[in-house]
Amino acid sequence: MANNKNRFMPIIMAVCVVVGILIGTFYANHFSGNRLSIINSSSNKLNNLLHIVEDKYVDTVDVNDLVEKAMPQILSELDPHSVYIPAKDVQMANDDLRGSFSGVGIEFTIRQDTLHVQKVISNGPAEKAGLIAGDKIVVVDGKPFTGKTLTNEEAMHRLKGPKDTKVKLGVMRYGEKKIREFIVTRGEIPTKSITATYMLDKETGYIRIRNFGENTYPELLIALAKLSQMDFQNLTIDLRGNTGGYLQSAVQIANEFLPKNRLIVYTQGRKSPRQEYRSDGRGSYQQIPLVVLIDEASASASEILAGAIQDNDRGTIIGRRSFGKGLVQEPIPFTDQSMIRLTIARYYSPSGRCIQKHYTSGENKDYEEDLLTRYEHGEFFSQDSIKHEGPAYKTTIGRTVYGGGGITPDIFIAEDTTDVTSYYKQASMSGLIIQYAFEYTDQNRAKLSQIKSVDELEKYLKQQNTVDKFATYADQKGLKRRNLMIQRSHKLLERFINSRIIYNIMSEEAWMEYLNADDPVIMETLKVFRNNNAFPAPPAKAEENKKVARASGFDYRSTHQKITYTVYRS
């Protein structure tokens, strides 16, 4: 085997060089507007090499296969976010941001080599055909749909398809022994960017944005209209865990909260002239007190929005330092329907900082393990452990912010590991909690479905002693029962188990409402609003900053040497 690898290595290297030149030529000719000159003799030589390998090599070589394998390697030499997407994966890569996809309309999980329906999308094709949560799909179009070859990718390939096409599903329903058959007509299934909109208290609205897709901005307007009907006076936008998406969506949302002609973000690259995105002053919520929540998984478009709010001193950022992705990718399709996402520029926040964290071209391992490094360094637990890679910059009113490594929040909230034990870590990381929560939901679906509110369901689950039942279940699955550790981590275990049951039986919004009820980040957010500190205080003894603050729509007042803001309302 080693000899075979060595034998093919020169071919792979040659193909890598050829494909690299082809990609560069394709991009330069079609997108940069300037043709790169490639020495004809070298180009012909490399093209000839491919033909020679194909015609004369000792063994049969699939040149196309070599090219497919070489493409990701070539792009990985550039930066961590330039990627190659094979034709078979392009639709899946785009669906989440496109706002919809064509399929049957279910959420599923694969357990014990069987596909379990976790949720049926309301008014979707599957619900109209009669499927319910808890069903197990075991046959698709007359062919068995179980076994070790069943993967998430295979399931999506078989269940998704063009709109108005039909798929025949064989379903095992809980408590029944006979397979039921359903014919489902595929349709457009919406994918929501905003997964929770509700009131944290009588005055504070809450919106959770999962990602930034094509429809995120109109979804935000709908969410704000819903909160307006509840007479919200403050707003919390939760970007925790939001890995990004379309830059334009983040710009549109920032525009809704900023005064006219404020810089939101600008992009610039070697072949991409500086392009600025500014607010147009038409936003309807320019004066609402605002808090934005971020964490170490908030990236890209999330950081654009958080950076625009922070650098314009428009609201308070709470949480932990964000991921640090400040590179802009352009999708470039090929004729075979495959695609590359090539980094063409960096984006910069209004203060001029690029929040892209450090990387070394061709060495992605350290980059990919950066969050683990931060964790081990103690950054998740102490603000003093944050290492700023870039220089300092100034916000609109002169506060210091840092570039090169994410957005550092105005108010840091440490991750609470007080009651974390090795038992809790094993239970959560092994997937046993999620498995148990699904089985519990499945076995008690009839009763749980009768409960309509999060508070009522929470009270019911507390009475069911789910932690003890889980410990028995986990022990049977190989996780030895540790009573002292279970007692110490009881609250964490109960929170995790019950939250998953609530998610399974209700909705993602209900799930978030339950988790937020005792979340330290949410508690700090409400405290900020109660103390009228939703707008950051400017540095002391800076008279010019007071003028900037007033021009921004803020009233500067000082009481007992403590600076607060009051919003002007028209």
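Start by selecting Leu221, which sits in helix 7 (residues 216–229). Keep in mind as you go that this is a predicted model. Is Leu221 buried or exposed, or something in between? With a relative accessible area of 33%, Leu221 is partly exposed. Now add Ile253 to the selection and draw a C-alpha to C-alpha distance: the two residues are 32 apart in sequence and 9.0 Å apart in space.

**Next stop: helix 9**

Select residues 301–311, the run that makes up helix 9. Colour them by accessibility and you should find that eleven of the eleven residues are buried, so helix 9 is largely enclosed by the rest of the structure. Polar and charged names take part too: Ser302, Glu303, Gln310 and Asp311 are among the buried residues.

What covers the buried residues of helix 9? Show helix 8 (247–255) and then the strands: the cover includes that helix together with strand 13 (263–268), strand 15 (290–294), strand 16 (316–319), strand 18 (339–348) and strand 20 (400–402). Before you leave, step just past the end of helix 9 to Asp313, where the backbone takes a positive phi of about 55 degrees.

**Then on to helix 13 and helix 16**

Select residues 432–443 for helix 13 and 466–476 for helix 16. Their axes lie 10 Å apart and the helices pack at an angle of about 110 degrees. An angle from 65 to 115 degrees counts as roughly perpendicular, so that is how helix 13 stands to helix 16. The crossing of this pair is right-handed.

To see the contact, show side chains for Leu432, Ile433, Gln435, Tyr436 and Glu439 in helix 13, which meet Thr466, Lys469, Phe470, Tyr473 and Ala474 in helix 16. By type, the residues of this contact divide into six nonpolar, two polar and two charged.

**Last stop: helix 13 and helix 18**

Keep helix 13 on screen and bring in helix 18, residues 490–505. Here the packing angle is about 50 degrees, with the axes 9 Å apart, and the two helices are therefore oblique to each other. The crossing of helix 13 and helix 18 is right-handed.

Which residues of helix 13 meet helix 18? Pick out Ile433, Ile434, Tyr436, Ala437, Phe438, Tyr440 and Thr441; across from them, in helix 18, are Leu493, Phe496, Ile497, Arg500, Ile501, Asn504 and Ile505. The residues of this contact divide into eleven nonpolar, two polar and one charged. Finish by selecting Ile433 and Tyr436, which take part in the contact with helix 16 and also in the contact with helix 18.

Technical notes. Residues are numbered from 1 along each chain as its sequence is written. This is a predicted model: local features need pLDDT of at least 70, side-chain atom pairs count only at pLDDT 80 or more; totals for chains, interfaces and linings use all residues. Side-chain values use heavy atoms; hydrogens and water are left out. Buried means under 20% relative accessible area, exposed over 50%, partly exposed in between (1.4 Å probe, protein chains only). Helices (H or I, at least four residues) and strands (E, at least two) are DSSP runs, numbered from the N terminus. Contact means heavy atoms within 4.5 Å. Axes are lines fitted to C-alpha atoms, for helices over the stretch in contact, and angles run from 0 to 180 degrees between N-to-C directions. Angles under 35 degrees count as roughly parallel, over 145 as roughly antiparallel, 65 to 115 as roughly perpendicular and the rest as oblique. A crossing is left-handed if the near helix is turned anticlockwise from the far one by less than a right angle, and right-handed if clockwise.
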